[in-house]
Amino acid sequence: MELSLLNILIGVIAAIAFAAVNAAYLVWAERRGAARIQRRPGPNINGPFGLLQPPLDGIKLMCKQLIIPGGADKALFIAAPVLAMAPAIVSFVTIPFSEKIVAHNLNVGVLAIFAFASMGGISLLFAGWSSRNKYAVMSSVRAVSQAIAYEIPMLITVITVVMITNSMDLMKIVQQQAGGLLHWNIIPLAGDAPNILMPFSFLIFFICSLAETNRAPFDLGEAESELVAGFHTEYGSMGFGLFFMGEYANIVIGACLTTILFLGGWYAPIPFLDFIPGVIWFLLKIYLLIATFIWIRWTFPRTTIYGLLNLSWKILIPLSMFNLLLTAGLLKVF
Amino acid sequence: MVAYFTEIFSGLWSLIVGLSITFKEFFSPTVTVQYPYETLKMPDNFRGHIQLIANEEGTSNCIVCMMCQRACPSGCISVAGKKEEGQKKKTLTTYMLDFTRCSLCGSCVESCNFNAIEYSDEYRLASTKKEDFIIDLLKRLEEKKS
């Protein structure tokens, strides 16, 4: 495909629109889901089923004044929310929704997405540090230690998948999983490396993507009961709105990556169901994962910072390392 | 080493148990009452401010014996009545309740021997004016009748 200016424009606008609509309506889904779990109806006043709630919230946030606290580092303070949202949108460019629907395929797609994802941690650090607020600083300290702890097992798991595929191209990673459930990387019994520990790898990746998006039970960065609102304590208006939307856009990215790396991307679980378009399978899988994200958030209480770091360094990293070695061995044998 | 793995698996199992509980709750019906649109019926034992009980004709049973006014420790109640021509008992002309000082002790209801007053089930009493809490119970009874 020729990379003309029009193509770029369409790709970028589509990516922003997809991210923004998802972010807005996932907030709605989250609030409705949380309400159902707590046996109340949730937002139901504005529009049918409260569907007008997200645009109204957006209008409200945009009407508010962006207050920059005295003594704050102005440039970083303004840059932080943009840094939270921008990488998430940029990551959408390289995610293949089906064999044909991809804004721009990179042959190092995995690497690109993880490079952008690591900027999320930086935005938290900037936000916390520039706010000149002790709670925000505490929160950014936690966010950084969390980002370091959870990026390691996540990347080791990704290396495992990349080793099986022999490519960093997201398209190729999905294409290698063609041919039904047993070829998917989550249970690759019919694949190149029949590693029975892959479900654990999937679990590790899933837990890490939960932690990377700073959501409960790993929302130590926000921790309302301890740190007011954590890194976005001093943010109001759309600055807060961008952090909020960035979180949801990151959830979508996490779900997309999990789908691509482990759940066979746009392929149907059983080959004869392939007449249904791939993009529908892809969206079905990511929204199922997102529903699980929401379900988990409203089930588990927040962990402690020690619990969080122990989980990563004592359990997730050794297990993912072991699985990496096992996969390498199996690839050599078969 | 065994303890390490049992901890992982028992931990995972506890997570699954937790998830199954919220899964069940997700599909069970909601229990909240949407207050301004729906209201709950107050239980029989609810103590609102007092109100007059209507008899068959829709008038009050009160014979202006003044027991309630005397029983009230805060002096909230002021009752007045007069003897109509050809009637044995007095009839009630005013029954004012000053709810600003009432502590809902219920002495008035207990002291009444003629089944004339009871607790109402009124709980929506917010107001910005003090006058709203000086309640004319006789007027209330007539409004209720019509």
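In what order do the three strands of the open sheet in chain B run, and is their pairing parallel or antiparallel? In this predicted model, the order is β2-β3-β5, and the pairing is antiparallel. Strands β2 (77–83) and β5 (134–136) of chain B sit at the edges, each with a partner on one side only. From one strand to the next, the twist averages 20 degrees.

Looking at one pair within that sheet, strand β3 (residues 90–98) of chain B meets β5(B) in the antiparallel sense over three bridges. Here B:M96 stands opposite B:D136 of β5(B). The sheet also has a helix packed on it: α4 (residues 137–145) of chain B touches β3 and β5 of chain B. The direction of this α4 helix makes about 50 degrees with that of β5(B).

Over in chain A, the helices take over the story. Helix α9 (residues 237–262) of chain A has 26 residues, which at 1.5 Å a residue should span 38 Å; the end C-alpha atoms of α9(A) are indeed 38 Å apart. Of those 26 residues, 23 are buried, so α9(A) is largely enclosed by the rest of the structure. After α9(A) comes A:G264, with a positive phi near 70 degrees.

One of the contacts of α9(A) is with helix α2 (residues 53–63) of chain A: the two axes come within 6 Å and cross at roughly 140 degrees. Oblique is the word for angles that are neither roughly parallel, perpendicular nor antiparallel, the last of these needing over 145 degrees, so α2(A) counts as oblique to α9(A). On the α2(A) side the contact is made by A:G58, A:L61 and A:M62, and on the α9(A) side by A:S237, A:M238, A:F240 and A:G241. Sorted by class, that contact has four nonpolar and three polar residues, with no charged ones.

Helix α7 (residues 198–212) of chain A tells a similar tale about its length: its 15 residues reach 21 Å from first C-alpha to last, close to the 21 Å expected at 1.5 Å a residue. α7(A) is mostly covered, with twelve of its 15 residues buried. Among the buried residues of α7(A) are A:F202, A:F205 and A:F206, along with A:I204, A:I207 and A:L210, and also A:E212. What covers the buried residues of α7(A) includes α4 (109–130), α5 (134–165), α9, α10 (278–297) and α11 (305–333) of chain A. Just after α7(A), A:N214 adopts a positive phi of about 55 degrees.

Terms used:
Residues are numbered from 1 along each chain as its sequence is written. Chains are lettered from A and ligands numbered from 1 in the order in which they are written. This is a predicted model: local features need pLDDT of at least 70, side-chain atom pairs count only at pLDDT 80 or more; totals for chains, interfaces and linings use all residues. Axes are lines fitted to C-alpha atoms, for helices over the stretch in contact, and angles run from 0 to 180 degrees between N-to-C directions. Helices (H or I, at least four residues) and strands (E, at least two) are DSSP runs, numbered from the N terminus. Angles under 35 degrees count as roughly parallel, over 145 as roughly antiparallel, 65 to 115 as roughly perpendicular and the rest as oblique. Two residues are in contact if their C-beta atoms, placed from the backbone, lie within 7 Å. Ala, Val, Leu, Ile, Met, Phe, Trp, Tyr, Cys and Pro count as nonpolar, Asp, Glu, Lys and Arg as charged, and the others, Gly among them, as polar. Two strands pair if DSSP finds at least two bridges between them. The expected span of a helix is 1.5 Å times one less than its number of residues. A residue is buried if 20 or more other C-beta atoms lie within 10 Å of its own, exposed if 12 or fewer, and partly exposed in between; C-beta atoms are placed from the backbone.
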